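Below are some notes for a colleague on one protein model. They begin with the pairing of strands and move outward to the surface.

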Amino acid sequence: MFYPDQTFQQMSEQLMKIHQDKLHQSRKLVLMVDLDNTLIHTTEIPCQLSPKKNVFKMKLEGSPTYYVRLRPYYKEFLEKISELFELNIFTFACQSYAKTVAGFLDPDNTFFAQRIISRDNCFYPATKMANVRFFSPCGESMTCMIDDREDVWNFAPGLVAVKPYMYSKKQNPYDSHVSMDSGTVAALYALAGTTKIEIPSKKN
């Protein structure tokens, strides 16, 4: 419950505690999930559209036409890691781009539930890590990340770096550098159980 005389900081702290309690109850950590070259590859080069093959066309206002290819086995990957993490999209693309791609990846809002962070929401445009405290209830202590770039996360210990996904017609989707392999899932599972990044003891 919020009261009229509460300051913005007090309301923010209360919302943080509500979110924190929710994570404790579900026994989950927060996972910031990158889009470009992590879950998708976007290009201006025309390609044959096929929703069944996870290839989509996207036209945003003031932008060229983009073709978006979803990484092979992305859905199985999201299903698996959502057991241990509350999933959040975190991209330095604009909000309209992020929301459109989220619609391709998660049309039923099963995984991300509209939890989308874009450059339009960020206070620091050069590093994602500096923005975490504004979007995660406990900052780094309950947050992990998955991205193809380590530098934007300041090489944080909670980061699982993946090989960049660049779609090519000649690719074999079973290759480990193309699909999200079991090693990536194992690394995220290990993070969820490490002592460096763990769910803090809940205070009464």
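1. In which sense do β1 and β7 pair, and over how many bridges? The sense is parallel, and 4 bridges join the two strands. One residue pair to look up is V33, which stands opposite I146 of β7. Keep in mind throughout that this is a predicted model.

2. β1 also runs parallel to β5, and here the count is 5 bridges. Two positions illustrate the register: V30 has E86 of β5 as its bridge partner, and M32 stands opposite N88 in β5.

3. These pairings belong to an open sheet of 5 strands with parallel pairing, ordered β6-β5-β1-β7-β8. The edges are held by β6 (116-117) and β8 (159-161); each has a single partner strand, so one side of each lacks a neighbour in the sheet. As a general point, strands of a sheet pair through backbone hydrogen bonds, in a parallel or an antiparallel sense.

4. Is β1 buried or exposed? Buried: 5 of the 5 residues of β1 fall under the 20% limit on relative accessible area, so the strand is largely enclosed by the rest of the structure. The cover extends to both faces, with L29, L31 and V33 buried on one side and V30 and M32 buried on the other.

5. For the whole chain, the protein has 5 helices and 8 strands. Read from the N terminus, the order of elements is α-β-β-β-β-α-β-α-β-α-β-β-α. The protein has 204 residues, and 44% of them count as buried. Taking contacts between residues at least 6 apart in sequence, 69% join residues that are at least 24 apart.

6. The largest nonpolar core holds 39 residues, and the members that touch the most other members are L31, L39, I40, F77, L78 and L87. Elements that each supply at least two residues of this core include β1 (29-33), β5 (85-90) and β7 (143-147) from the strands, and α2 (74-81), α3 (95-105) and α5 (182-192) from the helices. The largest share, 6 residues, comes from α3.

7. I40 merits a separate look. Which residues does I40 contact, leaving aside its neighbours within four places in sequence? They are L35, V68, R69, L70, R71, Y97, V101, L105 and Y165. A second core, separate from the one that holds I40, has 12 residues, with V30, V152, W153 and L159 among them.

8. On the outside, the accessible surface of the protein comes to about 11,700 Å², and carbon and sulfur atoms account for 53% of this. F123, Y124 and F134 make a nonpolar surface patch of about 310 Å². F134 lies in helix α4 (residues 132-135) and is partly exposed, with a relative accessible area of 35%.

9. A last position to inspect is N154, in the loop between β7 and β8. N154 counts as partly exposed, at 47% relative accessibility. Apart from neighbours within four places in sequence, N154 is in contact with T127 and M129. The C-alpha atoms of N154 and A130 are 8.9 Å apart, with the two positions 24 residues apart along the chain counted as their separation.

Note on methods
Residues numbered from 1 in each chain as written. Predicted model: local features only at pLDDT ≥ 70, side-chain atom pairs only at ≥ 80, totals over all residues. Heavy atoms only, no water. Buried < 20%, exposed > 50% of the residue type's maximum accessible area, 1.4 Å probe, protein only. Contact = heavy atoms within 4.5 Å. Areas by Shrake-Rupley, 256 points an atom, 1.4 Å probe, with all protein chains shown as cover. Core = buried A, V, L, I, M, F, W, Y, C linked by side-chain atoms within 4.5 Å. Pairing = 2+ DSSP bridges. Patch = residues over 30% accessible without salt bridge, like charges linked within 9 Å, V, L, I, M, F, W, Y side chains within 5 Å. Salt bridge = Lys/Arg side-chain N within 4 Å of Asp/Glu carboxyl O.
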